[in-house]
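Thanks for coming. I have one structure to show today, and I will go through it slowly, part by part.

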Amino acid sequence: MNVPFLDLQAAYRELQEQLDAACRRVLSSGRYILGREVEAFESEFAAYCGARHCIGVSNGLDALELILRGYGIGPGDEVIVPTHTFIATWLAVSRAGAVPVPVEPDEATHTISVAGVAAALSARTRAIMPVHLYGQPADMDRIRNIAIRHKLKVIEDAAQAHGAICRGRRAGSLGDAAGFSFYPGKNLGALGDGGAVVTDDDQLAANLRRLRNYGSPAKYQHDVKGGNARLDELQAALLRVKLCYLDEWNQRRARIADRYLEELAASPRLMLPIVADGVSPVWHLFVIRHPRRGDLQAHLSRCGVETLIHYPVPPHLSRAYSDMGFVRGTFPRAERLAESVLSLPLGPHLSPAAHTHVLSALKSFE
């Protein structure tokens, strides 16, 4: 049996009739940019997240960058970011002209360390950008408390956390603003690139609607130096269909994660995910750790099981940030994770038989 890491074709097959109808609706409308589909999706996704505003944008990276620019954060400012994350978190800060200030992850959850955030504050800090890693929200109550005391913005990188809940509130409503990605492999994925900003901040929402559209609130009126970062009508229509199934598909992910946790609990060398109190993750990824990660991944590949590594090169060791002068050993927690984490197949269309095969392959290695 061959088990893919994530079966996107199965997701399309389940919703094919509705997705095809959404495509036809857009194609026959004659309106392809910032029309009714984008407006409807923005309203529906804002309501889903429990926020007043949703601004559809071109991708998750642009969502984070535009939030920073919308708040006037740029050259001379610092933004606290995790060391263990996809590089887009850092790139958003750099593209806005600010400086990313790295903070190590919590040993248990792998989300950003609250103690590390407090230690990283400086007179130049303007915002904290926690990542809801693997679909599990960061410790937002404590992060918010730090932000309130120091008058900082909290910007959620919620690219992996569509529908995740922290103490009764959904990701997207846990900070001042949140950036989402709708990359096809996300829990709520488009059939191409897409993203959104969710916020209760009326002024920020108005700023972002201009910034995403050439700085223009009306045609040929350009108030600021904006760009082109719009969510298109076709992706919005497809996302409207898939949003209706997000909770159900997240529940399927949770059942698969529960089975992993139950059946692998006795494995002597596997380190399994730890879920923080008061949190309901959406299991975008199921990430284990193993001291012989390379051997385990090779074994699973021979068994027909596809796995991925999130993330093999920490941002501080990438060539893109070599100018910051970080060397190996600067952030040892992130480096240890990069050397030991392994993401197992998990998605709403992983069949019980395929899941059993993955578990058997894992146990045979142990």
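I will start with one strand, go on to the aromatic rings, and finish with the spaces in the fold. Keep in mind that this is a predicted model.

Let me begin with strand β8, residues 177–181. Are the residues of this strand buried or not? Here 5 of the 5 are buried, so β8 is largely enclosed by the rest of the structure. You can check this on both faces. Ala177, Gly179 and Ser181 point one way from β8, Ala178 and Phe180 point the other way, and all are buried.

Next, the neighbours of β8. Strands of a sheet pair through backbone hydrogen bonds, and the pairing can be parallel or antiparallel. With strand β5, residues 153–157, β8 pairs in the parallel sense over 3 bridges. With strand β9, residues 195–199, β8 runs antiparallel, and 5 bridges join them. Alanine 177 is a useful residue to look for here. In the pairing with β5, isoleucine 155 stands opposite alanine 177. In the pairing with β9, threonine 199 stands opposite alanine 177.

There is also an open sheet of 3 strands, in the order β7-β6-β10, with antiparallel pairing. Why do β7 and β10 each have a side without a neighbour in the sheet? β7, at 169–170, and β10, at 279–280, stand at the edges with a single partner strand each, so one side of each is left without a neighbour there. Strand β6, residues 165–166, is joined to β10 by 2 bridges, and the two run antiparallel. In that pairing, cysteine 166 stands opposite valine 279.

Now the aromatic rings. How many aromatic pairs does a search of the whole structure find? The search finds 12. I will show two of them.

One is formed by phenylalanine 45 and phenylalanine 180, and this pair is edge-to-face, with 5.0 Å centre to centre and 85° between the planes. Phenylalanine 45 is in helix α3, residues 36–49, and phenylalanine 180 is in strand β8, so the pair links parts of the chain that are 135 residues apart. Both residues come out with the same kind of number. Phenylalanine 45 has a relative accessible area of 0%, and is buried. Phenylalanine 180 also counts as buried, at 0% relative accessibility.

The other pair is phenylalanine 86 with tyrosine 311, and this one is tilted: 6.0 Å centre to centre, 35° between the planes. Phenylalanine 86 is in the loop between β2 and α5, tyrosine 311 is in the loop between α11 and α12, and they are 225 residues apart. Which of the words buried, partly exposed or exposed fits phenylalanine 86? Phenylalanine 86 is partly exposed, because its relative accessible area is 48% and the partly exposed range lies between 20% and 50%. Tyrosine 311, at 13%, counts as buried, because the cut-off for buried is under 20%.

Back to phenylalanine 45 and phenylalanine 180 for a moment. Ring pairs link Phe41, Phe45, Tyr48, Phe180 and Phe182 into a cluster. One member of that cluster, tyrosine 48, has the charged end of arginine 170 over its ring, 4.0 Å from the ring centre.

That leaves the spaces, and I will take the pockets before the cavities. The largest pocket holds about 700 Å³ of space. It is lined by 34 residues, of which Phe86, Tyr183, Lys186, His284 and Tyr311 lie nearest its centre. The elements giving two or more residues to this lining are α4, α5 and β8. By class, the lining has 18 nonpolar, 11 polar and 5 charged residues.

The second largest pocket has a volume of about 270 Å³. Its lining has 14 residues, and the closest to the centre are Asn213, Ser216, Pro217, Ala218 and Lys219.

How many cavities of 30 Å³ or more does the search find? There are 2. The largest cavity contains about 90 Å³ of space. It is lined by 13 residues, and Leu8, Ala11, Lys186, Trp249 and Pro348 are the closest to its centre. Helices α1 and α10 each supply at least two residues of that lining.

The second largest cavity contains about 40 Å³. Helix α12, residues 332–340, gives the largest share of its lining, 3 residues. By class, that lining has 2 nonpolar, no polar and 5 charged residues.

That is the end of my tour, and I can take questions now.

Technical notes:
Residues are numbered from 1 along each chain as its sequence is written. This is a predicted model: local features need pLDDT of at least 70, side-chain atom pairs count only at pLDDT 80 or more; totals for chains, interfaces and linings use all residues. Side-chain values use heavy atoms; hydrogens and water are left out. On a 1 Å grid over the protein atoms alone, a cavity is a set of points where a 1.4 Å probe fits but cannot get out, and a pocket is an open set with protein on both sides within 12 Å along at least five of seven lines; lining residues have an atom within 4 Å of a point. Grid points are joined across faces, edges and corners, and a volume is the space filled by probe spheres set on the points. Helices (H or I, at least four residues) and strands (E, at least two) are DSSP runs, numbered from the N terminus. Ala, Val, Leu, Ile, Met, Phe, Trp, Tyr, Cys and Pro count as nonpolar, Asp, Glu, Lys and Arg as charged, and the others, Gly among them, as polar. Buried means under 20% relative accessible area, exposed over 50%, partly exposed in between (1.4 Å probe, protein chains only). Two strands pair if DSSP finds at least two bridges between them. Rings of Phe, Tyr and Trp (its six-membered ring) pair if their centres lie within 6.5 Å; planes under 30 degrees apart count as stacked, over 60 as edge-to-face and the rest as tilted. A charge sits over a ring if NZ of Lys or CZ of Arg is within 6 Å of the ring centre and within 35 degrees of the ring normal.
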